[in-house]
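This briefing goes through one protein chain, topic by topic, for a reader at the bench. Please keep the sequence and the structure in view while reading.

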Amino acid sequence: PLLTVLSVISFVTLMLLGNWQYARYGEKIGIDPAEQNPPQTLVIRLQQDQDVMVQQVYGKSDSKPIWRRYALGTLDASGEDVLVMVGATVGANPIPQSVSKLSEMITIEGNLLDRTATKGLFGVE
């Protein structure tokens, strides 16, 4: 009888959690992400040191090699450092480019994505 009682309690608990999750899903599906977080105009000043080269990251697009170019910049509004994709090139080998040859200021419509680092299981250190 004890196992039966525990099984019934577990079943009821799981049903309540499942219904709660389904209700939350219904709420979230009705939220338009654009209304929740409208795009902003971000003004970014590139850090244009003479000897700094654009960082290039290899990837593939439509099975072709592509090099995405990134440069370090600073947000005008907050002074926060951000990494900005400033272009891409196609080909097997990257084409070197100096940051000093890029435009000093970039204006982007969008939102910042904050990814905080987590350590351990479930973000617990």
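Does D76 count as buried, partly exposed or exposed? At 40% relative accessibility, D76 counts as partly exposed, where buried means under 20% relative accessible area, exposed means over 50% and partly exposed lies in between (1.4 Å probe, protein chains only). This is a predicted model, in which local features need pLDDT of at least 70 and side-chain atom pairs count only at pLDDT 80 or more, whereas totals for chains, interfaces and linings use all residues. Residues are numbered from 1 along each chain as its sequence is written, and side-chain values use heavy atoms, with hydrogens and water left out.

**Overall architecture**

- The protein chain holds two helices and five strands, taken as DSSP runs numbered from the N terminus (helices are H or I, at least four residues; strands are E, at least two).
- Read from the N terminus, the order of these elements is α-α-β-β-β-β-β.
- Of the 125 residues of the protein chain, 17% count as buried.
- About 10200 Å² of the protein chain is exposed, and carbon and sulfur atoms supply 58% of that area, with accessible areas taken from the Shrake-Rupley method with a 1.4 Å probe and, for residues, only the protein chains shown counting as cover.
- Among contacts in the protein chain with a separation of 6 or more, 62% come from residues 24 or more positions apart, contact meaning heavy atoms within 4.5 Å.

**Salt bridges**

- The count of salt bridges comes to three, each being a side-chain nitrogen of Lys or Arg within 4 Å of a carboxyl oxygen of Asp or Glu.
- The side chains of D76 and R45 form one of them, at 3.1 Å from N to O; D76 lies in the loop between β3 (64–75) and β4 while R45 belongs to strand β1 (residues 40–46), so the pair ties together parts that are 31 residues apart in sequence.
- E104 and R45 also meet through their side chains in a salt bridge, at 3.9 Å from N to O; because E104 sits in the loop between β4 and β5 and R45 in strand β1, this pair ties together parts that are 59 residues apart in sequence.
- R45, D76 and E104 are thereby linked in a network of salt bridges, in which R45 is partly exposed at a relative accessible area of 34% and E104 is partly exposed at 46%.
- E27 forms a salt bridge with R24, with 3.0 Å between the closest N and O atoms, and since the two are three residues apart in helix α1, they are separated by about one helical turn.
- Both partners of that helical pair are partly exposed, E27 with a relative accessible area of 48% and R24 with 35%.

**Strand pairing and hairpins**

- Strand β2 (residues 55–61) and β3 run antiparallel and are joined by seven bridges, two strands being paired if DSSP finds at least two bridges between them.
- K60 stands opposite P65 in β3, and the hairpin formed by β2 and β3 has two residues between the strands, with D62 in the turn showing a positive phi of about 55°.
- Nine bridges join β3 to β4, which are likewise antiparallel, and I66 stands opposite V90 in β4.
- The hairpin of β3 and β4 has five residues between the strands, and G79 takes a positive phi near 75° there.

**Surroundings of Q97**

- Q97 is located in the loop between β4 (81–90) and β5 (105–110), and Q97 is buried, with a relative accessible area of 19%.
- The side chain of Q97 makes a polar contact with the side chain of R69 at 2.3 Å, a polar contact being a pair of N or O atoms within 3.5 Å, of which, within protein, one must be able to donate a hydrogen and the other to accept it, while residues adjacent in sequence count only if both atoms are side-chain atoms.
- With neighbours within four places in sequence left aside, Q97 is in contact with M53, V54, Q56, R69 and L102.

**Nonpolar surface patch**

- L2, L3, V5, L6 and I9 form a nonpolar patch on the surface, with about 530 Å² of accessible area together; patches are made of residues with over 30% relative accessible area and no salt bridge, like charges being joined within 9 Å and nonpolar side chains (Val, Leu, Ile, Met, Phe, Trp, Tyr) within 5 Å.
- I9 is found in helix α1 (residues 2–29) and counts as partly exposed at 49% relative accessibility.
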